[in-house]
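Here are my notes for a colleague who has not met this model yet. Please keep the structure open while going through the points.

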Amino acid sequence: VVESHRASASTAPISIVILGCTHFPLLRDEIASAFAALRALPEYSGLIAEKIELVNPAELTAKELFRSLASAKLRLKSDERCVQERDTFFISVANPSSPGVKLTADGALDKDYKYSRDPGHLEIEDTRNIPMLPAALSAPSLNLIKTRLPEVWRRLR
C-alpha cells in the first residue's frame, strides 16, 4: 500500500485504509501496528498520517443489508422462528479451472498473482464460493475463527 501510494506521486499522507478483504477486519490491530511501525521509519514518515482511519466495508454492507431487509419486510418478527435449522457460511477458494490463474502447491492463489490482479474484472472467476465446513479449513483458519469469531465457530459446529 505504502509503495503504491509513493508511486502515485500523491503528496497527501495515507490517512484512510479500506479493509477490502473480509478477513482484514480480523487483523485490524496488526494492520494499524504495521502502519505505525512504518511511520516510525524516516523513509515512510511523510507518507503515513499520524492517525489512520481503517474502514471496514463489511460492517457497512451488513448495515445496508439490515435496512434493505427491513424495508422489504423480510426480517423475522420477534415471535417468528427461522425455518432453517443451521446457519450456512461460505468461503472463497481458488478456482483452478479459471484461465490464467496461478496457484501454490497446496491449491491456494499464488501470492504475487493474488495481489497483482487488476480490480474491476468481474468476468474473471479465479475464486469460487463454497460452504465453509470445519473439515475443509486449514488449521490457521480454524484457529482464527475459534479465537476471533467465536459465535461463527459455535454456529459452524
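1. Start with Gly100. In this predicted model, Gly100 sits in the loop that runs between strand E3 (90–94) and helix H4 (111–116). Is Gly100 buried or exposed? Its relative accessibility is 53%, so Gly100 counts as exposed, because the cut-off for exposed is over 50%.

2. Gly100 also leads to a second loop. Its C-alpha lies 8.5 Å from the C-alpha of Asp126, with the two positions 26 residues apart in sequence terms. Asp126 belongs to the loop between H4 and strand E4 (127–131). Pro96 shows a similar pairing with Asp126: the two are 30 residues apart in sequence, and their C-alpha atoms are 7.2 Å apart.

3. Look at Asp126 itself. Its relative accessible area is 6%, so Asp126 is buried; the limit for that label is under 20%. Which side chains does the Asp126 side chain meet in polar contacts? One is Tyr113, at 2.7 Å. Another is Arg117, at 3.0 Å.

4. The wider surroundings of Asp126 are worth tracing on screen. Setting aside residues up to four places away in sequence, Asp126 touches Val93, Ala94, Asn95, Ser98, Val101, Leu109, Tyr113 and Arg117. Tyr113 and Arg117 are thus on the contact list as well as being polar partners of the Asp126 side chain.

5. Next, Arg39. This residue is in helix H2 (residues 28–39). Arg39 has a relative accessible area of 18% and is therefore buried, as the limit is under 20%. What does its side chain reach? The backbone oxygen of Ala49, at 2.8 Å. Beyond its neighbours within four places in sequence, Arg39 is in contact with Ser45, Ile48, Ala49 and Glu50.

6. Check the backbone at Lys73. Its phi is near 55 degrees, which is a positive value in a residue other than glycine. Lys73 is found in the loop between helix H3 (57–71) and E3. With a relative accessible area of 68%, Lys73 is exposed.

7. Now step back to the whole protein. Its secondary structure comes to 6 helices and 4 strands. From the N terminus, the order is α-β-α-β-α-β-α-β-α-α. How does the overall spread compare with a compact globule? The radius of gyration is 20 Å, well over the 15 Å that the globule rule gives for 157 residues, so the protein is more spread out than a compact globule. Along the principal axes, the C-alpha atoms fill a box of roughly 60 × 40 × 30 Å.

8. Burial and contacts come next. Of the 157 residues, 19% are buried. Among contacts with a separation of 6 or more, 58% involve residues 24 or more positions apart.

9. Finish with surface and charge. The accessible surface comes to about 12,000 Å². Carbon and sulfur atoms hold 57% of that area. How many charged side chains of each sign are there? There are 21 positive and 20 negative ones, and the centres of the two sets lie 6 Å apart.

Terms used:
Residues are numbered from 1 along each chain as its sequence is written. This is a predicted model: local features need pLDDT of at least 70, side-chain atom pairs count only at pLDDT 80 or more; totals for chains, interfaces and linings use all residues. Side-chain values use heavy atoms; hydrogens and water are left out. Helices (H or I, at least four residues) and strands (E, at least two) are DSSP runs, numbered from the N terminus. Buried means under 20% relative accessible area, exposed over 50%, partly exposed in between (1.4 Å probe, protein chains only). The radius of gyration is taken over C-alpha atoms; the globule rule is 2.2 Å times the number of residues to the power 0.38. Contact means heavy atoms within 4.5 Å. Accessible areas come from the Shrake-Rupley method with a 1.4 Å probe; for residues, only the protein chains shown count as cover. Lys and Arg count as positive and Asp and Glu as negative; His and the chain ends are not counted. The place of a charge is taken as NZ of Lys, CZ of Arg, CG of Asp or CD of Glu. A polar contact is a pair of N or O atoms within 3.5 Å; within protein, one must be able to donate a hydrogen and the other to accept it, and residues adjacent in sequence count only if both atoms are side-chain atoms.
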